[in-house]
Structures are given as C-alpha cells and as structure tokens.
Amino acid sequence: MDRNVVRMWYRTSLHNGSGSGALVAAFELSSEDKNANQPYLSVFEKSNTTLDQAKIFTGKNLALSLSVSEVRELINPNYPDYRLNICWYRKTVTIGDQIIPDERPGAAGHCGIIGLLRPPNLSRTLWKWFRVRLADIAFSNNPITVL
Amino acid sequence: MNHAIMEKIGTETMPVFKMPLKYKKNEASTKSIAPVGAIQDISTPTTYIKIRYEKPEVDVGNRLWNSHLSSLREDSYITAKIYLYLLKCLYRDRGVGTACILDPTIIRDALASRQAVEIYFDGLVTQGLVTSEIQKIAYRLWERLLTRYPNLPEPDVAPSVDNSLVFAFDDGINHLEFEIFERKPTEVYYLKRSTNEMWEDDLNNFDSLPEQLLNIIGLFVK
C-alpha cells in the first residue's frame, strides 16, 4: 500500500505560477535539522495524522502532499544511485530538560524524509534538483490550505 | 538520539518512476497584453521620459515639470512611478483626460503588481518569517531585475528555513530560484525540467548580474 505524507509549510506564496516555484523552500533542512544525529525533514503520514493536527503540530497552514513511492522513486539522472527515503520517527516534546514522547492525537503519523542532507560528494547543483522535484510532486498533488 | 526510528514505511521495491506533473494554467499568461504604448511607458521609463520631455516644453512650457523629469536619472520602477504621476498631473491640469494618454487600467495593474511584492515582503517581516535585512536584499534584487526587465512578472516568494527567503520564477518548464540569506551570498539555481539542464551561481551583490542569468530571466518575460 502506497502511503501519503504531508509536509506543512507557510501559505504565504505571493502567487501560484505555472510551476512549483518557491515551494522548494518547504524542502530545505533547517540548521537544526542538519545538525541532528539523523537529519530528516518532518512530514506526517495522512492516515495517522489529520491536516488539522499537522497544522497544530507545526503552526503552518499549507499542506503539501507527497506519496511515499513518488519520493523514493526520484532519480536524479546525473546521480542515479542516490535515493531519498521516508521513515517513521517518534514525535517528541521537550518539557524542561526532558524529551518525552508526544502523546497528542495525530503524533503517531510523524515521519521524516531522509537523504536531504547534501552528501559531501554531491554538488549543490545536483542536490538542489531534489528539492525542485519534491516541490514538483507537491505542486502536482494540489497544495491545500488548512483553515 | 531524540527520535527513534520505529519502522519503515511500505516496501523498498521501486516501481516504475512516474511523476504526473499537472501544471496549472498560468492565469497571468492568459491576460491580454497591454497596448504597446502604455506598457512601454513603464518598460523603458528613461527613454520615454526623454521623448516626452520635449513635448511639454513646447506645448505647455511647464519648466518646473521638466526640471523634475530631467533630475530623474535612475532607470527604475520608482522613476516610472514618479513620471506617471507627473504626467497624469500635467494632463489633468490641462483638462485633458489621462485615459487618452495612458490606459488607467494598465497603470493600476502595473503598479499593483509591484506594490503587491512590496506589501508581501512587509508582511513577511511583520510575521517574523524573514528579517528586515532579508527584505531589503530581496527588494533590491527585485528592483534590479525590474530595471533590466520591466515586464517581468512578479516572482513567487516563500519564506524558507533559518529566516531565509526563496524568490522564484517558474513556468512549469523553467525553474529559476534565488535563495536569499542574510550573512552569505544569494544562491541562484536554474533547472530546465525537460532536459535537466542546470546552472548555479552565487551573487555577492546585484550591481552586475551574470549574462547567463540575464538570459535565463529573459525566459520569463511576457
């Protein structure tokens, strides 16, 4: 069964062009993500997390849908051996100096896209290709504004 | 490690790659092109000002107005805006309808699209998504691009991580993005989807844009 995940981002794009445009911004790892032991981009699996719950978790109101197979099948023709993957990651919350599992409804759907940290041997040009293609997938799946 | 991997999703088997790109029809592209005369006023402000400069001097003798125009040296959107304002004032004073000189709809749309970018940048700062420094850099870039290509459609813009900003032009085939950072050069990336042709550069300032970049931007000019 192919699962679908959603990446939440800001619905602040100036306009919708003919292509994915600035949606690439949603697929960039933050400095914090990059420095994590296992860098990944947070997404939510849609059968376990509703869009409303994803909005509450992230504070962002634009839902960008991606199917897991589409993400895994992305092949950069100039770097064919490199693939992205999606794994479940337990969602946690920090309370004081403690990190505990997030038990809120919908937290079970938390996943991460792995492979978005640029490998040392991959040029920035080739690496940015992945971001554009992820944004293309999200754009083709019609981004949804969560009111 | 804060997060434990619990299980992997689905199968590792890779089906045939298929990415259904269903690009939306660009609404902007369906708009009728403005009358040549009107849009040229905004497109080439300096040239146009020079042309118009002589006529009022003869017809009206409004030397104050002429002195205002002659002091405008910067070929930019601001110049065009000031020029249009002065032109409208001039013809209003003379009792001539401005509509017969410049289509007000064209002026309003042209100014609105540019003001929309300005307002949008302001909004991002207000929301705390980008810093005012990023806003300044982005607006400087936008102004610079407009100076070269006055008919360039407004960009697609979105806040990115770490308070950076992505500024993009995308027609479904060509993708051009500027990733603007506060403390490092702006990264430019171009992808032609049909051929996977790619190009990349770093911009330390916008005074002198690479010729290849200007050629790529030209792809998006209506």
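In chain A of this predicted model, contacts between residues at least 6 apart in sequence mostly reach a long way along the chain: 78% of them join residues at least 24 apart. Chain A is built from four helices and eight strands. Walking along the sequence, these come in the order β-α-β-α-β-α-β-β-β-β-α-β. As for how much is tucked away, 41% of the 147 residues of chain A count as buried.

Next comes the nonpolar core. The largest one holds 61 residues, and the members that touch the most other members are A:L23 and B:F167. Helix α4 of chain A, residues 124-140, gives the most to this core, chipping in with eight residues. In soluble globular proteins, nonpolar side chains tend to be buried together.

What does A:L23 touch, once its neighbours within four places in sequence are left aside? Its contacts are A:L64, A:A135, A:A138, A:F139 and, over in chain B, B:A158. Three of these partners, A:A135, A:A138 and A:F139, turn up again among the buried residues of α4(A).

That helix deserves a closer look. With 17 residues, α4(A) reaches 24 Å from its first C-alpha to its last, close to the 24 Å expected at 1.5 Å a residue. Is α4(A) largely enclosed or largely open? Since 12 of its 17 residues are buried, α4(A) is largely enclosed by the rest of the structure. The buried set runs from A:K128 to A:F139, and it includes A:W129, A:F130 and A:L134 as well as A:K128, A:R131, A:R133 and A:D136.

So what does the covering? On the chain A side, the cover includes β1 (4-9), β3 (62-67) and α3 (68-72). Chain B joins in too, with β4 (174-180), β5 (186-192) and β6 (197-203) among the covering elements. Just beyond the helix, α4(A) is followed by A:N142, whose phi is positive, near 60°.

Two of the covering strands also pair with each other. β1(A) and β3(A) run antiparallel and are joined by six bridges. In this pairing, A:M8 stands opposite A:A63 of β3(A). β3(A) has another partner in β8(A), residues 144-145, and these two pair in the antiparallel sense over two bridges. Here A:L62 stands opposite A:T145 in β8(A). β3(A) therefore pairs with β8(A) as well as with β1(A), and β3(A) is also part of what covers the buried residues of α4(A).

Methods:
Residues numbered from 1 in each chain as written. Chains lettered and ligands numbered in written order. Predicted model: local features only at pLDDT ≥ 70, side-chain atom pairs only at ≥ 80, totals over all residues. Buried ≥ 20, exposed ≤ 12 C-beta atoms within 10 Å, placed from the backbone. Contact = placed C-beta atoms within 7 Å. Core = buried A, V, L, I, M, F, W, Y, C linked by C-beta atoms within 7 Å. Expected span 1.5 Å × (residues − 1). Pairing = 2+ DSSP bridges.
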